[in-house]
Amino acid sequence: MKIFQEAYHLTMEQVGLEGILNKFMEEFMLKNYLLITHSVEVMAALTGLFLLNKYKKTYHRFFVYFLLCLTICDFLGGYTRYVLPDRFLNFLIGTKLEKNHWWATLFWNIGAIMFLAFYFQKILKTKIFKDIIKFGSFIFLGISTVYIFFNWDKFFNTFFPIICVLGAVIIFLCSILYFLETLRSDKILTFYKSLNFYISTAIFIWWLIITPIVFYDVYFEYEIGSNNRDWNFMFLRRQIYLFANILMYSTFTFALIWCKPQND
């Protein structure tokens with residue numbers, strides 16, 4: 001009986017410890033999510049900037065510019081931290097611009113996709129592959145524009161799953177066509193030295209991880225003038241995004257340092 005009592009108390013202590021650790025992790029994530037995300041972003045962008053001379057004669061320089069632009073746009077999207085009663089953007093409270101859903105949709109869900117489509121058109125050699133990406137990206141841009149036009153009010157308070165999914169399709173298409181071209185050429189012998197290989201792999205995995213979440217972004221919808229949010233979903237969403245961001249930007253940083261310039 002004594003053994004069972006000791007085991008019961010030990011179990012309860014473990015549960016209590018796990019609860020404390022989970023609570024600590026939750027608070028840490030909520031407080032430092034942006035700091036960690038911006039840190040890995042800046043790390044990749046600054047690495048590219050310092051090594052820009054290394055890549056200035058290749059198409060890789062466009063990717064460095066992309067990382068710099070991405071970092072700047074992400075910082076600008078943080079304007080919502082100043083949309084508070086005691087901060088200088090308080091006049092945006094209650095307006096459509098109070099949250100940054102619209103900004104994230106424009107610069108990441110659409111802008112980043114269009115840039116990556118442009119980048120892969122530059123690095124691919126097979127004409128039909130280049131044409132497929134070009135045609136697909138323009139269809140994506142057209143559908144996104146029309147969808148936003150007919151859902152203008154929701155554009156400011158929610159994300160559009162259809163745009164995110166179609167963007168993921170373009171990314172998967174770019175990556176898969178690059179892998180196919182690599183397999184069909186001599187580049188397969190030195191693929192591990194190619195910056196484009198790491199870019200393709202990182203963005204493929206990132207969108208593979210993130211895309212399923214967009215179907216649940218209805219719980220992330222913001223109602224103007226209301227603080228009602230599904231905080232459990234927000235915490236889970238941040239965990240997944242943080243893991244994916246660290247993986248992707250760390251891969252970019254490593255690849256920029258490790259790889260040699262080549263117009264492959």
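The following conversation goes through some salt bridges, a buried residue, a cavity and a nonpolar core in a predicted model.

Colleague: What should I keep in mind about the model before we begin?

Modeller: This is a predicted model, in which local features need pLDDT of at least 70 and side-chain atom pairs count only at pLDDT 80 or more, while totals for chains, interfaces and linings use all residues. Residues are numbered from 1 along each chain as its sequence is written, and side-chain values use heavy atoms, with hydrogens and water left out.

Colleague: Why is the pairing of Lys96 and Asp153 called a salt bridge?

Modeller: A salt bridge is a side-chain nitrogen of Lys or Arg within 4 Å of a carboxyl oxygen of Asp or Glu. For Lys96 and Asp153 the N to O distance is 3.1 Å, so the pair satisfies that rule. The two residues are 57 residues apart, with Lys96 in the loop between α3 (60–76) and α4 (101–123) and Asp153 in the loop between α5 (127–150) and α6 (161–183); helices here are DSSP runs (H or I, at least four residues), numbered from the N terminus.

Colleague: What makes Asp153 exposed, and Lys96 partly exposed?

Modeller: The label depends on relative accessible area, where buried means under 20%, exposed over 50%, and partly exposed in between, with a 1.4 Å probe and protein chains only. Asp153 has 54% and is therefore exposed, whereas Lys96 has 37% and is therefore partly exposed.

Colleague: How many salt bridges does the rule give, and which pair has its closest N and O atoms 2.9 Å apart?

Modeller: The count comes to 2 salt bridges, and the pair with closest N and O atoms 2.9 Å apart is Lys127 and Asp131. These two are 4 residues apart in helix α5, which means that about one helical turn separates them. Lys127 is exposed, at 59%, and Asp131 is partly exposed, at 36%.

Colleague: How do you know whether Asn245 is buried or exposed?

Modeller: Asn245 has a relative accessible area of 6%, so by the cut-off for that label it is buried. Asn245 is placed in helix α8 (residues 231–258). If its neighbours within four places in sequence are left aside, Asn245 is in contact (heavy atoms within 4.5 Å) with Tyr33, Thr37, Val40, Trp206 and Ser250.

Colleague: What makes a space in this structure a cavity?

Modeller: On a 1 Å grid over the protein atoms alone, a cavity is a set of points where a 1.4 Å probe fits but cannot get out, and its lining residues have an atom within 4 Å of a point. The search of the whole structure finds 1 cavity of 30 Å³ or more, and about 40 Å³ of space lies in the largest cavity, a volume being the space filled by probe spheres set on the points, which are joined across faces, edges and corners.

Colleague: Which residues line the largest cavity?

Modeller: The lining consists of Phe66, Leu70, Trp108, Leu116, Ile203, Trp207, Met248 and Phe252. At least two lining residues come from each of α3, α4, α7 (195–210) and α8.

Colleague: What makes a set of residues a nonpolar core, and which have the most contacts inside the largest one?

Modeller: A nonpolar core is a set of buried Ala, Val, Leu, Ile, Met, Phe, Trp, Tyr and Cys residues joined through side-chain atoms within 4.5 Å. The largest has 63 residues, and Trp108, Trp207 and Phe252 have the most contacts inside it. Helix α4 gives the most to this core, with 12 residues.

Terms used. On a 1 Å grid over the protein atoms alone, a cavity is a set of points where a 1.4 Å probe fits but cannot get out, and a pocket is an open set with protein on both sides within 12 Å along at least five of seven lines; lining residues have an atom within 4 Å of a point.
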